[in-house]
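New notebook page. I want to get my bearings in this chain before I look at single residues.

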Amino acid sequence: MQQIVDRWVTRPEHEVKYFPPFQMTNQLTEEVGEVAREIADLHGFKKKKDTEKTDGLEVELGDVLFALICLANDHHIDLTNAFEKSMDKKLNRDKRRFIKK
């Protein structure tokens with residue numbers, strides 16, 4: 001996925017490649033907010049108005065993923081490695097954290 005995003009972002013016809021980190025972080029935050037809005041609607045917490053545009057949860061999660069990948073690519077972070085490190089932390093350091101007592 002990271003390679004696909006990088007090929008798209010760095011196309012010669014694109015005037016801007018990766019945006020500055022603060023802009024990308026802001027975009028990621030906005031997309032996460034849109035996911036929260038979809039969840040609120042789906043689970044009845046706050047239903048959407050008839051006039052509200054909807055792309056659906058799947059598309060909004062894809063937008064979060066795209067924004068996250070852009071941020072990772074710009075910082076030369078391999079998300080597979082990042083994920084493996086995160087899982088290692090959960091499987092080792094946190095392995096007893098959520099066990100019922």
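**Overall layout.** I counted the elements first: the chain has 4 helices and 0 strands. Reading from the N terminus, I get the order α-α-α-α. I'm keeping in mind that this is a predicted model.

Next I looked up the overall dimensions. The C-alpha trace spans about 60 × 45 × 20 Å along its principal axes. For the radius of gyration I have 17 Å, while a compact globule of 101 residues would come out near 13 Å. I also checked burial, and 23% of the 101 residues count as buried. Then contacts: taking those with a separation of 6 or more, 58% are between residues 24 or more positions apart.

**Helix α2.** I picked α2 for a closer look. It covers residues 21-42, which makes 22 residues. From first C-alpha to last, α2 reaches 32 Å, close to the 32 Å expected at 1.5 Å a residue.

Which residues of α2 are buried? I noted Met-24, Leu-28, Glu-31, Val-35, Glu-38, Ala-40 and Asp-41. What do the buried residues of α2 pack against? My entry says α3, residues 57-74. Just past the helix I came to Gly-44, which follows α2 and has a positive phi, near 80°.

**Glu-60.** I went over to α3 next, where Glu-60 is found. Is Glu-60 buried or exposed? Its relative accessible area is 4%, so I put it down as buried. Leaving aside residues up to four places away in sequence, Glu-60 touches Glu-31, Glu-34, Val-35, Glu-38 and Asp-55. Among these I recognise Glu-31, Val-35 and Glu-38 from my list of buried α2 residues.

**Glu-52.** I found this one in the loop between α2 and α3. Glu-52 has a relative accessible area of 29%, so I wrote it down as partly exposed. I checked its contacts too, not counting residues up to four places away in sequence: Glu-52 touches Arg-37 and Lys-47. I also looked up its distance to Glu-38. The two are 14 residues apart in sequence and 11 Å apart in space, C-alpha to C-alpha.

**Largest pocket.** Now for the empty space. I have about 320 Å³ in the largest pocket. It is lined by 15 residues, and the ones closest to its centre are Phe-19, Met-24, Gln-27, Phe-66 and Cys-70. Met-24 was already on my page as a buried residue of α2.

Which helices supply at least two residues each to this lining? I noted α1 (2-9), α2 and α3. Sorting the lining by class, I get 9 nonpolar, 3 polar and 3 charged residues.

**Second largest pocket.** Here I have about 200 Å³ of space. I listed the lining as Met-1, Gln-2, Gln-3, Leu-65, Leu-68, Ile-69, Leu-79, Thr-80 and Phe-83. The elements giving two or more residues to it are α1, α3 and α4, the last of these being residues 79-91. By class I wrote down 6 nonpolar, 3 polar and no charged residues.

**Comparing my two pocket entries.** I put the contributors side by side. α1 and α3 appear for the largest pocket, and α1 and α3 also appear for the second largest. In the charged column I have 3 for the largest pocket and none for the second largest. That closes the page for today.

Technical notes. Residues numbered from 1 in each chain as written. Predicted model: local features only at pLDDT ≥ 70, side-chain atom pairs only at ≥ 80, totals over all residues. Heavy atoms only, no water. Expected span 1.5 Å × (residues − 1). Buried < 20%, exposed > 50% of the residue type's maximum accessible area, 1.4 Å probe, protein only. Contact = heavy atoms within 4.5 Å. 1 Å grid on protein atoms, 1.4 Å probe; cavity = no way out; pocket = protein on both sides within 12 Å on 5 of 7 lines; lining within 4 Å. Points joined across faces, edges and corners; volume = space filled by probe spheres on them. Nonpolar A, V, L, I, M, F, W, Y, C, P; charged D, E, K, R; others polar. Rg over C-alpha atoms; globule rule 2.2 N^0.38 Å.
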